[in-house]
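These are my notebook entries on one chain, kept in the order in which I looked things up. I began with a single residue and worked outwards.

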Amino acid sequence: MGKRRGGRELLRGLSKKQKKHLREFGEQHPFHDKSEGICLLADGVLLLRWCFPFQSDSSDKSSAESDSETEVEQVSVYHKLLATLKTSPESESEEEEEDESESEAEGSETEMDSEGSLEIREADGGEDQNDVPEQEEATDMAEQMLSQQQADGIDTSCDPSHGVIEEFTDVKHESEFSLETNFMEEESGDCNADKRDGNPFKQHMDKELDEKDVEKMSTLPKTSSQSQWPRLGQVTFSSTLEKAKTLKADKEVDVKQLYLHKPLESTWPKVNKQFLSSVNKPSDAFFTPLQRELFCIMNTYRDLFYPERNALTNGEEIRHAYCLHALNHVLKANSQVLSNNAKKRNQKPGTDSDDHRDQGLTRPKVLMIVPFRECALRIVHLFISLLEVNDKRKIDVSNKKRFKGEFGSDPEEKPPNLKRPEDYEAVFAGNIDDHFRIGVAILQKSMRLYAPFYSSDIIIASPLGMRTVIGAEGEKKRDFDFLSSIEILIIDQADIYLMQNWEHVLHLMKHMNLLPLDSHGVDFSRVRMLNLNNWCRYYRQTLLFSALQDPQVNSVFNKHCFNYMGQVAVRNVPLSGSISHVVVQLPHVFRRLEAESLTSVIDTRFQFFVDKVLPEYRDAIMSHTLIYIPSYFDYVRLRNYFKKEELNFTHICEYTKKAGVCRARRFFLKGEKQFLLFTERFHFYKRYTIKGIRNLIFYELPTYSHFYSEICNMMKATDNGVDATWTCTVLYSKYDAQKLAAVVGIERAAQMLQSKKNVHLFVTGES
């Protein structure tokens with residue numbers, strides 16, 4: 001009884017939403033300052049909830065990280081409690097954090113060494129001697145809680161502590177949403193709607209490739225051409241089968257020429273009305289200029305990469321456009337299957353025909369990768385709105401109540417009342433849990449949420465949600481057959497995955513459109529020949545949306561997209577960089593380092609910093625120096641070097657406890673610590689204002705260009721100090737061309753890359 005009472009006391013300070021997240025994932029989310037992102041195993045080995053972002057997108061490293069990621073899935077139940085053993089209720093304002101830091105300064109702080117193992121260090125550097133008793137007590141309490149949950153009938157099938165997550169199976173509606181046993185309703189009028197000449201869906205899926213075409217796409221380089229579009233800007237079209245041609249944007253779009261499925265023609269204008277302005281022409285009353293150009297490319301079934309998605313301005317416009325395209329594709333595909341079902345029912349016995357090949361090896365057709373549950377919630381709401389013709393004809397949505405409960409945000413759970421930039425509020429709105437997956441089945445006038453994957457038409461998931469179900473080589477329970485016949489892959493907000501774990505995206509791409517290991521009850525007489533030939537990857541359309549152009553994102557689009565229709569990428573160059581938004585007056589010194597290759601640039605940068613940059617800041621006069629580090633691996637390397645050299649420094653990373661963050665900020669502000677090592681991912685998830693900065697070093701250019709101006713503008717929060725003493729130093733190489741252009745503009749970047757000299761810029765905020 002005493003141990004059970006102790007467990008209740010540990011959970012008493014948590015809200016309902018935090019308890020739910022703790023029960024499901026064994027930890028709290030990093031958005032709420034209490035999360036350390038750590039799971040502790042019984043043998044004392046610590047694993048990170050966020051696996052570290054790798055700098056290379058090479059697939060050869062997948063086996064190395066798979067072991068640690070697999071162990072996270074097998075974590076026992078007591079880890080749920082362990083994450084809160086040293087957590088206390090926290091304040092909700094930045095000022096209270098700094099006031100409480102005095103009393104919390106003796107708290108522990110979690111870090112990671114250079115080899116990926118974790119250390120728990122006290123403030124004075126000693127080891128925590130109370131881990132073993134706490135682990136044993138937590139184990140007993142967790143086992144009692146689990147038995148109590150089972151006795152109370154609580155569903156633990158989605159609990160990662162029980163191994164691979166078991167998908168919720170809606171047995172009640174299985175036959176109702178089966179494509180094989182249903183037929184097209186005659187009154188729907190959709191039987192012949194998709195047989196019109198010029199239907200993009202039919203043209204794309206009925207295209208027959210031969211082995212020579214496949215060999216060309218596998219061996220020959222792509223030819224490309226560029227064109228200027230009114231809204232998208234510079235568009236690059238590349239293809240292997242088609243000769244280089246110039247794509248032209250449609251000035252006006254007739255909705256009938258888009259071949260939308262019947263219900264979407266009437267519902268789309270109502271759903272998209274919020275983005276349309278009164279200046280739209282009557283002939284173009286259905287799309288905004290951006291949506292029109294994007295959808296015209298989507299509707300041709302070409303791959304698309306749009307790197308200018310902005311959560312504040314055009315994010316919802318883009319979401320509406322790709323949801324329309326995905327739903328249109330699913331409705332057409334299912335309509336074709338149901339229509340052929342009726343034909344086969346009326347077919348004379350003994351007559352076989354290949355005219356009814358209308359399916360893949362598995363049912364899922366569309367895979368949508370989004371970063372947070374809030375994104376999935378908005379997508380499902382869009383689907384419902386697009387399927388409801390009017391208020392009188394509501395569609396039947398199965399498991400809607402459960403979906404709202406798990407994907408909606410808790411009104412009682414509000415983020416800390418701190419001032420954050422508008423883009424931060426837009427990205428982290430609603431439920432920001434990043435571990436989820438859900439199947440959606442659509443059949444005529446009904447929608448089924450939480451459908452088993454092999455009974456789903458659309459799968460909406462996060463990279464982490466896909467990673468845990470795909471598993472790794474050698475695991476007993478892993479499944480990726482449902483990805484074998486994906487016809488449309490949508491990856492939205494790809495830049496956020498760089499802050500989560502890009503390896504999950506690469507792992508997913510390597511398992512796309514592989515031959516399934518099991519038949520899963522498929523009728524092979526209905527399977528398209530392209531699927532039987534294992535050519536589905538050449539028909540798959542990939543839509544990739546990001547807020548920036550990054551080499552790792554570009555690599556996915558260039559190396560993992562094989563669409564025979566070709567690829568379309570928007571390649572606009574930034575005319576003015578984010579440096580123009582710096583409001584404080586300080587000199588910016590860009591120091592170029594020479595690296596022989598991309599693989600050697602990491603070591604070259606470290607040696608350049610240690611030999612040429614750091615000695616200039618060792619003097620006590622150069623105090624209050626913040627070192628901004630985008631890569632966690634570089635952060636660990638620098639932290640270990642600073643410890644070895646016994647430099648006066650403190651450090652903040654995404655795994656630092658709140659007490660450690662408060663202590664480091666106070667030490668740095670008062671000048672008790674000369675250096676502050678500061679990671680980019682911490683800034684992405686927290687956006688704290690660091691006060692006391694006088695000297696700023698960008699160890700590498702930031703991933704997000706606007707982070708450059710944000711960090712520089714933190715200097716204006718410093719009350720003491722003379723402006724003339726402020727400095728800003730940036731390290732860059734020729735391999736940072738895209739990041740450099742985003743910071744200083746394309747013209748300056750071109751000059752800096754051609755010259756091998758250091759560049760000195762003095763920015764007044766109006767440059």
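**Entry 1: Ser238 and its strand**

I located Ser238 in strand β6. The model is a predicted one, and I read every entry below with that in mind. Is Ser238 buried or exposed? I counted Ser238 as buried because its relative accessibility is 15%, under the 20% limit for that class. I then listed what Ser238 touches, leaving out residues up to four places away in sequence: Lys222, Thr223, Ser224, Gly566 and Gln567.

I next checked how β6 pairs. Strand β6, residues 233-239, runs antiparallel to β15, with 4 bridges between them. Within this pairing, Phe237 stands opposite Val568 of β15.

**Entry 2: Strand β15**

I looked up which strand joins β15 in the parallel sense and found β7, with 3 bridges. Asp303 has Gln567 in β15 as its bridge partner.

I then examined the directions of the side chains. In a regular strand, side chains alternate between the two faces of the sheet. In β15, Gln567 and Ala569 point one way, while Val568 and Val570 point the other way. I noted that all four are buried.

**Entry 3: The whole sheet**

In what order do the strands of the open sheet lie? I read the order as β5-β6-β15-β7-β14-β13-β8-β12-β10-β11-β9, which is 11 strands with mixed pairing. The edge strands are β5 (223-229) and β9 (396-398), and each of them pairs on one side only. From one strand to the next, the twist averages 15°.

I also recorded the pairing of β13 (residues 488-491) with β14 (residues 541-545): the two run parallel and are joined by 4 bridges. Ile491 stands opposite Leu544 in β14.

Which helix packs on the sheet and touches β5, β7, β14 and β15? I found helix α10, residues 289-298, in that position. The direction of α10 makes about 150° with that of β7.

**Entry 4: Nonpolar cores**

I turned to the nonpolar cores and found that the largest has 156 residues. Tyr322, Met447, Ile460, Met466 and Phe590 have the most contacts inside it. This core draws at least three residues from each of domain 1 (13-30 + 575-764) and domain 2 (229-342 + 364-410 + 430-570).

I followed Ile460 further, setting aside its neighbours within four places in sequence. Its contacts are Met368, Val370, Ala376, Ile379, Val380, Phe383, Phe436, Arg437, Ile438 and Val440. Apart from the largest core lies another, of 27 residues, and Val610, Val613, Tyr632 and Tyr635 are among them.

**Entry 5: Loop residues**

I placed Ser578 in the loop between β15 and β16 (586-592). Its relative accessibility is 6%, so I entered Ser578 as buried. What does the side chain of Ser578 reach at 2.7 Å? I identified the backbone oxygen of Ser705. Beyond its neighbours within four places in sequence, Ser578 is in contact with Ser705, His706, Tyr708, Ser709, Ala742 and Val743.

I placed Arg528 in the loop between α17 and α18. I entered Arg528 as buried because its relative accessibility is 6%. Arg528 and Gly360 are 168 residues apart in sequence, yet their C-alpha atoms are 6.1 Å apart in space. Not counting residues up to four places away in sequence, Arg528 touches Phe201, Met205, Gln336, Arg357, Asp358, Gln359, Gly360 and Glu487.

**Entry 6: Positive phi values**

I noted two non-glycine residues with a positive phi. For Tyr450, phi is near 60°. Tyr450 lies in the loop between β11 (446-449) and β12 (458-461), and with a relative accessible area of 7% it is buried.

For Asn513, phi is likewise near 60°. Asn513 lies in the loop between α17 (502-510) and α18 (529-532). With a relative accessible area of 1%, Asn513 is buried.

**Entry 7: Chain totals**

I closed with the totals for the chain. I recorded 26 helices and 22 strands. Of the 767 residues, 57% are buried. What part of the contacts with a separation of 6 or more joins residues 24 or more positions apart? I entered 77% for these.

Conventions: Residues are numbered from 1 along each chain as its sequence is written. This is a predicted model: local features need pLDDT of at least 70, side-chain atom pairs count only at pLDDT 80 or more; totals for chains, interfaces and linings use all residues. Side-chain values use heavy atoms; hydrogens and water are left out. Two strands pair if DSSP finds at least two bridges between them. Axes are lines fitted to C-alpha atoms, for helices over the stretch in contact, and angles run from 0 to 180 degrees between N-to-C directions. Contact means heavy atoms within 4.5 Å. A nonpolar core is a set of buried Ala, Val, Leu, Ile, Met, Phe, Trp, Tyr and Cys residues joined through side-chain atoms within 4.5 Å. Buried means under 20% relative accessible area, exposed over 50%, partly exposed in between (1.4 Å probe, protein chains only). Domain bounds come from an automatic or database domain assignment. A polar contact is a pair of N or O atoms within 3.5 Å; within protein, one must be able to donate a hydrogen and the other to accept it, and residues adjacent in sequence count only if both atoms are side-chain atoms.
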